[in-house]
Amino acid sequence: MATSVQAARGAARTPPPGESPALTWLIQWIKGHRQMAGAIAAVIVIGGGLAWWNALSRSRVEAAASERLEQARLAFESHNYPLAASELSRLVENFSGTRAAAQANLLLAQVHLYQGQGPLGATYENAGHPADAAAAYEEAARRAQYAFLKAQYLSDAGRARLAAGDTATALSDYRSIVSGTDSTPTVTEAKVRIGELTKGAGVP
């Protein structure tokens, strides 16, 4: 009798054809630890639910940020720079970390370019007042929050200073570009101008 029971138990533990021993062991373990298995399953379900909810929330935030970016871009393309600056600033503040916020930062820099002293400098240049244009560009460079904008304003100022016959200040502007900026394309142009003005002596 005992031998028959043991044989039956051994047959129950034998994996059916095509079933892996690991799966058989897992089934047996779950049967013997129902409470713990239930707790583990609950943790997995809750964790999966939280991951899904976070992904969904992130997607909604990105969509909302993209919509705000499009609105700000429309204002920018319509030359309504104050509205564009306001929309972009709020986007950067409220949707920090999103792809749209990163793009908004770049567009905001362009808005600042058009809102700042740059247009004033261009106006002076077009009117034939290079010294005043240079001063406006230099003021814009002092106010610029981004390296590439500062470099561009200083390059414009250097050009205007040369037109006004003020080589010394032009050199100062170009040297400020080279010494204060590492990676903007304007640096290459500034180095060329310094070489031309110093006849190859370069940056002191």
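User: In which helix is leucine 108 found?

Analyst: Welcome! This is a predicted model, where local features need pLDDT of at least 70, side-chain atom pairs count only at pLDDT 80 or more, and totals for chains, interfaces and linings use all residues. Residues are numbered from 1 along each chain as its sequence is written, while side-chain values use heavy atoms and leave out hydrogens and water. Helices (DSSP runs of H or I, at least four residues) and strands (runs of E, at least two) are numbered from the N terminus, and leucine 108 is found within residues 99-115, in helix H5.

User: Is leucine 108 buried or exposed?

Analyst: The answer depends on relative accessible area: under 20% is buried, over 50% is exposed, and partly exposed lies in between (1.4 Å probe, protein chains only). Leucine 108 has a relative accessible area of 7%. It therefore counts as buried.

User: Which residues does leucine 108 touch, not counting those up to four places away in sequence?

Analyst: Touching here is contact, with heavy atoms within 4.5 Å. Arginine 73 gives a feel for the fold: leucine 108 is 35 residues from it in sequence, and 9.8 Å from it in space, C-alpha to C-alpha. The residues that leucine 108 touches are Ala85, Leu88 and Ser89.

User: How many helices and strands does the protein have?

Analyst: From the N terminus on, the elements run α-α-α-α-α-α-α-α-α-α. Among contacts between residues at least 6 apart in sequence, 43% join residues at least 24 apart. The secondary structure comes to 10 helices and zero strands.

User: What is the distance between the end C-alpha atoms of helix H7?

Analyst: Helix H7 has 14 residues, 130-143. The expected span of a helix is 1.5 Å times one less than its number of residues, so H7 should span 20 Å. The model agrees, as the end C-alpha atoms of H7 are apart by 20 Å.

User: Which helices are included in what covers the buried residues of H7?

Analyst: The buried residues of H7 are Ala133, Ala134, Ala136, Tyr137, Glu138, Ala140 and Ala141. What covers them includes residues 118-126, 147-163 and 167-180, which are helices H6, H8 and H9.

User: Which helix gives the most to the largest nonpolar core?

Analyst: A nonpolar core is a set of buried Ala, Val, Leu, Ile, Met, Phe, Trp, Tyr and Cys residues joined through side-chain atoms within 4.5 Å. The largest one has 20 residues, and those with the most contacts inside it are Tyr137, Tyr153, Ala160, Tyr174, Ile177, Ala190 and Ile194. H7, H8, H9 and helix H10 (186-198) each supply at least two residues of this core. With six residues, the helix that gives the most is H8.

User: How many residues does the second, separate core have?

Analyst: Alanine 190, in the core just described, touches Tyr174, Ile177 and Val178, not counting residues up to four places away in sequence. The second core is separate and includes Ala72, Ala75, Phe95 and Ala100. Its number of residues is 17.

User: How many salt bridges does a search of the whole structure find?

Analyst: Side chains of opposite charge can pair when their charged atoms come close. A salt bridge puts a side-chain nitrogen of Lys or Arg within 4 Å of a carboxyl oxygen of Asp or Glu. Glutamate 139 and arginine 142 form one (2.9 Å, N to O), and being three residues apart in H7, they are separated by about one helical turn. The number found in the whole structure is 10.

User: Which residues do salt bridges that share partners join into one network?

Analyst: Glutamate 87 meets arginine 68 in a salt bridge (3.5 Å, N to O), a pair that links helix H4 (residues 81-94) with helix H3 (residues 34-77). Glutamate 87 also meets arginine 90 (2.9 Å, N to O). Glutamate 87 is buried at 13%, whereas arginine 68 at 22% and arginine 90 at 36% are partly exposed. Being three residues apart in H4, glutamate 87 and arginine 90 are separated by about one helical turn; the network joins Arg68, Glu87 and Arg90.

User: Which residues form a nonpolar patch on the surface?

Analyst: Patches take residues with over 30% relative accessible area and no salt bridge, joining like charges within 9 Å and nonpolar side chains (Val, Leu, Ile, Met, Phe, Trp, Tyr) within 5 Å. Isoleucine 40, in helix H3, is partly exposed at 43%. By the Shrake-Rupley method with a 1.4 Å probe, where for residues only the protein chains shown count as cover, the patch has about 300 Å² of accessible area together. Its residues are Met36, Ile40 and Ile44.
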